[in-house]
Structures are given as structure tokens and as C-alpha cells.
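Please keep the sequence and the structure open while reading this note. The points below are short and can be checked one at a time.

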2 protein chains.
Amino acid sequence: MKLANLVGERFKERPSDCVIESHALCVKGGYIKYVANGIYSLYPPMKRITTKIENIIREEMDAVDCQEVMFPVVLPGALWEESGRFTSVGEELLRFEDRNGTSMVLGMTHEEAAVQLVREYGQSYAKYPFSIYQIQTKFRDEARPRAGLIRVREFTMKDAYSFHTSQEDLEQYYDRMAKAYDRIFARVGIPETVAVKSDSGMIGGSVSHEYMLLTDAGEDSIVLCDECGYSANMEAADTTVDNSGCAPAGELTKVHTPGCKTIEEVCTFLNSKVEESCKAVIYQKNMNDEYVVVFLRGDYEVNETKLTNLLGEKVHPAVITEESGLVAGFCGPYGQHANCTIIYDKSLCGIENLCAGANEVDYHYTGLNIKRDVGEVEYVDVAKIQIGGICPCCGKKTIHISRGIEVGNIFQLGTKYSKSMGMTYTDENGEVQTPIMGCYGIGVGRLAASVCEAKRDDYGPIWPISIAPWQVHICCMRVDKEECKSIGDRLYKEMLDAGIEVIYDDRKVSVGAMLADADLLGVPVRVVIGPKNAVNGEVEIVTRDKRFTNKVSVDDALEETKKMIATLFSEINEKVK
Amino acid sequence: MKLANLVGERFKERPSDCVIESHALCVKGGYIKYVANGIYSLYPPMKRITTKIENIIREEMDAVDCQEVMFPVVLPGALWEESGRFTSVGEELLRFEDRNGTSMVLGMTHEEAAVQLVREYGQSYAKYPFSIYQIQTKFRDEARPRAGLIRVREFTMKDAYSFHTSQEDLEQYYDRMAKAYDRIFARVGIPETVAVKSDSGMIGGSVSHEYMLLTDAGEDSIVLCDECGYSANMEAADTTVDNSGCAPAGELTKVHTPGCKTIEEVCTFLNSKVEESCKAVIYQKNMNDEYVVVFLRGDYEVNETKLTNLLGEKVHPAVITEESGLVAGFCGPYGQHANCTIIYDKSLCGIENLCAGANEVDYHYTGLNIKRDVGEVEYVDVAKIQIGGICPCCGKKTIHISRGIEVGNIFQLGTKYSKSMGMTYTDENGEVQTPIMGCYGIGVGRLAASVCEAKRDDYGPIWPISIAPWQVHICCMRVDKEECKSIGDRLYKEMLDAGIEVIYDDRKVSVGAMLADADLLGVPVRVVIGPKNAVNGEVEIVTRDKRFTNKVSVDDALEETKKMIATLFSEINEKVK
């Protein structure tokens, strides 16, 4: 098509309200239009990109025998009540009533709908395994949408659901799906995406992985080990602490620590090691405001997701009242009598000579030995892993932490949904069994934005050829000159006839404006028709990323363009395993 | 794929709750699954059909320079307030609040979103004309969903919006779009679809057409003239009445008509012609319960849509109270004094000697001459056209009425949305102008169901090859016999390798069950491997509609199948103009 007819506007100015570059470029480049908080319309270039991504996903899903279906966006609340999620999910589930007062929800994921679709079909073991997927609009009423298409409220998602008669069968399929995911991310141009072990959160289930595109603009923290390749998100990374070099047990002594409220202040005041101190972090349960005191090593932080998973309910930072019996700033394991849940983090395990609060204003203990002074306690893992910490896989102190965008996830669900929703099958022996499920998601718009975040320069996106809105961008620089215009028109027609996806800029605009627009559209192959070359019957074929530039005769331009397209595709395909 | 793995169930029994055949077949055949009232999930065969329909629509939209975009499903209520539809549309617009209490709606059509998307882009005349479309989920909270995918609450729709600087330009594009619609309906296999002039309803605008597939299962009534080809829906068909042969004016006389409440009873009692009587139909306005009395010829009925359009507000049948001053059953033009809106239908125009109610229990007038006895009144058209009535186009008494399903519509919107939403452009002379819009819809699921309704037999759908879930269905009848299985496996592989969309039934089921399933899946080309033919190295190639049947050697089967596919495609393409 001609660029002059392309619906959407491109701007020179960077929008002021964008916190990450891909968001700014998608707005500046005429890709997306803000409609409401976390809700966007897509202009033609972004629609073309997402359609290509969808088709790549579709091909890879079909290749692992996943069958495309379509679930509704609007679902009856009763269906979510069957699984228990109608009440267990928070405000991000949008609930409303239809004209007849029937409770409805907007689907944010479709486990319930998937079970409902196949509950009768899957009544015999002979039907298993099978899997289904859809690519459809979802709505998640996020409290804080941000970063353009990265975190929105309405989004297009591929969600797949598999059904199995054994854990082994699920694991086999899970591995096949993981490979399909690797192929998808490689094919859309981000083969560097890593699979990390993750917390299953609201979806449920035991084993799950997130696919992370590592980038500073990401909102997730990812734990990586350079040594063994271990990776996990912060919530899923086991924290291992080495307390082998700590001092031997001493005498329990109450010391006056006036005004020392933080553990750092105390350790500085007493000239003791933070690594041999015990701090208290106090929360309250959301449900009943009951206090939860977490004791952990002074230099560690609580991971609230781990804590929530342990407790089975959400917590918030405590407001400590006089009635609570807790002494803010001086809370410690010894002499603790307040009515609250007490949790000991594994980071304290093995330290025999702790400094800790004395549960009395301006007093701490030194020489605290939990086993001796408090008794046997259970140590659990609720601490955040640290940079330079011990890798839970290889045991070396090689942990580093990167930022990443989650571009996909896969979950082993177990029987959470099949059991609660009464899905059963009869096995070979006539026994009634509950099928085991997996689920597998990729956000299409977020993936497009993530590729933009990873593949760009200061001037715009550099779209991989596999998902670029067009393959070729013809810039006819001086369309007022007959020799330029005739070459441009000819090449445009030749390329259209050859089935190349081409956008043709034959506007009477300045060279600067033309190239700025071309940069914003990020089309990987560019054919530049300049007045000097045109006189010689030549054009330039360059790539958006400036790696290739090639002056060719007009007669050869079509073939050379095709070759360049083929080269870029083969670069992508080399990364696909 | 193998039929044994196809997700979804097929039944022998006709579901009892289906009022039309396509609905029953879609349930029986494993195409759709009921989720909630008017809300369905799609199984793989229906998803394959709708994807093919979407691709045909997409190609034809692209061919008329319509650019694909994507609007949100969830829209801010504020956007609908701009156009005024937030309040003007009834309960079918689903309104709710998000977690922050912001008013939101589920998009049922996207005129507002379209204007919002291009309001800045379209500020200069140089950008015009342009048009955009999306294929996306919509929700319309229908009071009475029915007939499977024909009338649902959630549906996938292609909706296009065009923007113009003159009425002429809109009309030109409207004609192009009308031709694209003809091509779409021909390509999906229902070239018999007719375009009828229609009432614009909630969407607004002046000129509009509905595309109707004529079938007894349709819920719309369509007015057709055999003579001149005129077509319109009931609401849009002008009613023309010939009163030239009526009796001359007589004397106004009050007559006693005891117990005669209907106009038929009165005319029988008085032995006068119904065609020279005036009846009253009484409504009340929904807003304020004000009475509306419609006088029309005794043998005509009121078309409530025409009446609503005339009044600019909705009405309901009246509850006549004593205080109203209206005399139920005896209401007439002469002596009418009650405080109400009075409407005279054109069907009364030209009758000089009417029988009508006397506004007094058990009394009528004869010899009523409205002009003489009541005065000059305005006659308007609020009556339903009748079978055998006068064609408003050619003037002959050739009208007949058919049932039809609306499979698409096109509207000339005028400036209804651009004006209310403040969309303007600067013209060649620097003047600020308001663009003129058109909009164009096709419901994808309804179209699939409509094709099923039109193309079927007692055993299942007969899908046109262009939208069939698969092109070829291999039925291997005795898979326990090696000669059958080897032929089946070979042909399945050959066809997959040749890129043919093939479903392979190699289940150990009875011939009857296998053929019943094949009929329900409605795949147009069937390759039947029977044990007798297999011994001779032969298979049968038959079409689902039984028009073609061909015994060929296994070696020739692939080529013959390809030829059959090509023949069926060429039959479709012959109907595409």
C-alpha cells in the first residue's frame, strides 16, 4: 500500500507519559491509540504485526496437535463459582450483571471454559491426551496498567489447555509445548527469551515456567545462575543461606540499645555483624488483621509472594497498635508472647549467637541461640534471594538478578480445575478418574511490544522480518522528478506482482520526514530511490538495522530485494530449534 | 487430522430445544457448545469454518482499500456519551463499572471507537476518503437470543467504517462495498443472498441495506416485487394504497353497533366494506405514557418501527383507563377530544365515505369524510405493506413477502457520529467541515449458521468447499482389514503431503456410524474405502451433496480428488461477480 493512505499518525515528539521506549515508539509510530486506562485500539501496522504473530503461534500450536477452538469473552459467574475462582480471585476479575440480573464475568483466563467445553467429550480414557487453544480477547481489571501494550487491561491472548490421564503424560506434553514456545519466540525474532521456573499464582498448580525476555524495561526480577544455567523468578527461587562461618554460642544478654530501631542501627551500635542478627518484619493478614511476625537474618528481605503462598492468604504491612503486644523496632524471638503467627526464615538456621530484639523498648538481646533459648522451631523459606547468593541448583555463589518481561507461561495445573468442576473419565479398568491438566499462555500484544522493546534504536523499532508490518519500504525521495517517480512506481508494481509485502512512500515530503517515518515503521528492508542514483538507473537496498547496504541497478532491484528478504528470514530460522 | 482425535462430540438425537435446523445440526455435529443464554464456545470444526469466512471477508475488505484495525471490546461509557448512544440505546447495551467505578460498556458496534481512532488523523481533506475495519468479538445483551448462532449475545463481527468529504464520495464507496458484499456472500457459498433496503434503527443514518438470505427459518420479513426486483425489509417498504374505487361522499350518520368492538365485526354488522373503514390502534409512549392514536384503513396493520421512527421514541400497546377519555373499541376521528397524539395513515387518504368509531360505547359513524368532517389532516406512512400490495417502485400489485436471515448490512451514516463527536477536517479552502461516514457489518458466526441453514440435508450440513472445515474426508470402512487400512493410510499421507485439508476416519466403528459422522461434518469431498473396492485397488470419490460419484484406482485417487476440489471451487467462483 501507499504510505500516503496509511491510517494513523506519526509524531516527532516523544509522548511525555511513556515510561518505556516501546510504549513511546508505538504511540509515536502510529501503532496504537489510547482509548481508556489500559485499553488501546490498534492502527493497521500493529494489527498487521499481531496477525503475523498470531499465525506463527497458530502454526506451532497446530504442530503439537493442539486444536483451535473459541471460548466466549463474557462468561457466566456460575462457571467460575464451580472452580471457586469467582470468590478467590480479586478485583482484577471484572464481575457484572446482565439485563436479567445474571452474574457474569469477563474472561481473564479460560480454564473453566475449557473444562466446560470438553467435560462430556473427555469421559473415556480413549480420548486422552488432547489439547485445545484459542486466540481471543481477554480482560483483566489491572489496578495499575502501564507501559503501553506490556501491561494492559484488555489484551489478545493465546491460551491452550491440555488434558491427560497421568502426570507422566502431562510432563511429556509440557516438554513438547516448551519446545513449541522456544520456536515461537525464535520465529518472532527474540530467540534470547529464557524459560524460568515460576510461582503459579492465581492459576494454581505446582510446576510452572515463565518465558522471560531479559530487558531493563521489564517489570519482573529474574534469578539467573551463570554457572549452571539455573533460572527462576524471584518468587520461585529457593533462597539458600550459608551460616557455616558464624560465631559459636554465647551467653544470652539483654543490652540497652537506645533509639536503635533498625537492625543496621543496632549492629552498628553494638559493633556486631548484620549476618548474625535477627530482624523482625511484621504483617497483618488481609482477612482478619491477625499479626504475622517473620524473623529472618538481618541482611535479607521478605518475599511477600513466598509468604502468601505459605500462609495461603494475602498479607499487608502491619499497623502496630498498643493492644497488639508487639514492640515496634524491638521485636524478637525470645520472650515473644503476643497473639500472632510467628515464622522463622531459613536464613536464621545455623546461627547460634544472634543479636535480636528483646520485645522491650530500647533493648535487644545478644548471644541469642534460638534452639537453646526458644526451643525447636521450623524454618521455612520466605526470603528474597540475593545477588551473589547461593544457586539452589549448583550450590555456587553465582546468582545474579536481571529484569525481564514475561512473554509467555506454561503451567502444570494438576487436577485443580478438573476436580472442582467434576470432570472425570473412565479408565481402562472401568474406574472413574480425574484428568490432569496443563495450561499455556502467550499475550499477543505484549509479545509485539516486547519485540519492539528488544529490537529498536533511537529512531524506531527494527521489526524482525517474520512479524514486520511490511517486508519492504520503498522511499521515493524526489517524487517530483520524473526519473525518481517512474523507478518508484515500477518497483512498487514489480514487488506487488511478486507477492512482496511492500509499503510505498511517494509523498512530496522532505527527505528527513520520509526517513523519520520509515524508521518509525521499522520495515526491515528499505529500497531508497535518490535523485542522484536515479539518474544512473540505480537504487539503494538497505536494511533498517544498517547491517546491509547495497547499490543495485533498477533492473536487479526486485531480485536483490528478494535475496535480502530471504537472508533475513534465514537468519531468523537459524535460531529456531 | 484423524477424526478419532477431533475434540467435540456428535450425537444421533436431535436436541429438543432447537427451533431451526442449523442450530440442531451445529449442536449434533459438535460445532458449538452452549455456555450461557446466547453465548457459545466453538469446537474445532466451527472455528475452522469461521476462520475461513473471516479470511474471505478480509481479502474482500482489503480489495476495497479498507485497512484492518482492532478496537477494544470494553469501551469507556464516556465515549458513548459523546455520541449520545450511552443513554439512547436500551438494555441491549451492557453497561458496568470497572474496579475504579468508571462507567464502561461492552462494544456492540464501534462507530464511536472508529471516530475516536481517526479523529486526529482525519483533520485534513487530503487524507480522505479512507476506511477501516476490524473482525472482533461484540456483545449485545439481547432480550431473546435464539436459533443457535443466528441470534446470540456474544458474536464475532466484521465491522467497517468509511469516512468521506462528500455524499457523492460516500455513495461511490457504498457501491464498491455493496459489490464486495456480493462477492463475499458468493464466495462463502450463498450467492442467492439479496440486498434489501432497510430501516437504519439504532445505528442511524438515512440509506441502508440489509443482505438477506431468503429462508423460512429467517426471523425477518422481506418485501419483494417479482416484477421490478424491488426489495426492502418490512420497516423500510413504503406502503402505497389505491383508494380510487371507493364510494363517493355520503352523509355522516351515527349508528348503533352494539358489542361490535373490532372493525371486522362492525363491517359485518353494517354490511359495509372493510376497505372503506377506519380503525384505531392505540399506543402509549414509553417515556411518559402519553397516548398515541393511529387511524388507518380497517384491513391494514401498524408497523411499529415506522411509528417509532416517526415519533422519535418508542411506544407500547396502550392500557386504556377511564381517565384517558378514550373509548376502547369505538375510537374514531370525529369528535375525538382526548389529550393524545393523533396520526392518520396514508391508507385512509382518498376514502370519502368511511365507517369509523364514534367515541361512544356501542356507536359508530358511517359516511365519515375526514376532510369535510374533521378538516385537513396530514397523512403519513405507518402501515405494514401487504402481500399483493402495490410495489412502491413499479406501481404494480406484485408484492410478496418472504422470510430471511440478515447476514450483513451497510449504512450511509451521514454525520450522525462525526458531528456529535466533534470530528472535523479542513477542506481545500481552509473551511472546517464535518466528514460523512458509512458503516458496514457482517456477523461471522451468523453467516456460518446461515450457510448451514441454506446448504444441508436431513443428515447434516453440506458445507461449500470454500468454508468447509476440511476439503476431503477419508472414510476407511474396515480398518481391521489390512488392504483397507493400507489404502487409507497411504491416501491420508498423500493428501497431507499435497497440502489438501483432509480429515481421516480410521476408527473401528460401524459403517453406519462412520457415514453418519461424515454427514454431520459435511465435508464436501469424501473418499470412501470399502472392503470390496479395496480388494480391487479402488476407492470411491463422492461429494457430500451426492451430485458426483466416481470409482477410481488408488493410484489415481489423489489426482481425482484434486480435480473434484477444483470443480467445486470453480462452481463457487462462477457465481462471484
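1. Why is helix α1 (residues 21-28) of chain B largely enclosed by the rest of the structure? In this predicted model, eight of the eight residues of that helix are buried, so α1 of chain B is largely enclosed by its surroundings. The buried residues, among them H23(B), L25(B) and V27(B), pack against several elements of chain B, including β1 (32-36), α2 (44-63) and α13 (511-521). After the helix comes G30(B), which has a positive phi, near 70°.

2. Strand β8 (residues 154-164) of chain A is likewise largely enclosed, because 11 of its 11 residues are buried. In a regular strand the side chains point alternately to the two faces of the sheet. Both faces of β8(A) are covered, with residues such as T156(A) and A160(A) buried on one side, and F155(A) and Y161(A) buried on the other.

3. The partners of this strand deserve a careful look. β8(A) pairs with β7(A) in the antiparallel sense over 10 bridges, and Y161(A) is the bridge partner of I132(A). β8(A) also pairs in the antiparallel sense with strand β24 (residues 436-443) of chain A, over eight bridges, where M157(A) has G443(A) as its bridge partner.

4. Between the chains, 40 residues of chain A are in contact with 40 residues of chain B. The elements that give two or more residues to the chain A side include α2 (44-63), α5 (111-118) and β7 (130-139), and by class this side has 24 nonpolar, six polar and 10 charged residues.

5. Chain A is divided into domain 1 (3-237 + 401-454), domain 2 (253-380) and domain 3 (470-574), and the centres of domain 2 and domain 3 of chain A, taken over C-alpha atoms, are separated by 66 Å.

Technical notes: Residues numbered from 1 in each chain as written. Chains lettered and ligands numbered in written order. Predicted model: local features only at pLDDT ≥ 70, side-chain atom pairs only at ≥ 80, totals over all residues. Domains from an automatic or database assignment. Contact = placed C-beta atoms within 7 Å. Helix = DSSP H or I, 4+ residues; strand = E, 2+ residues; numbered from the N terminus. Nonpolar A, V, L, I, M, F, W, Y, C, P; charged D, E, K, R; others polar. Buried ≥ 20, exposed ≤ 12 C-beta atoms within 10 Å, placed from the backbone. Pairing = 2+ DSSP bridges.
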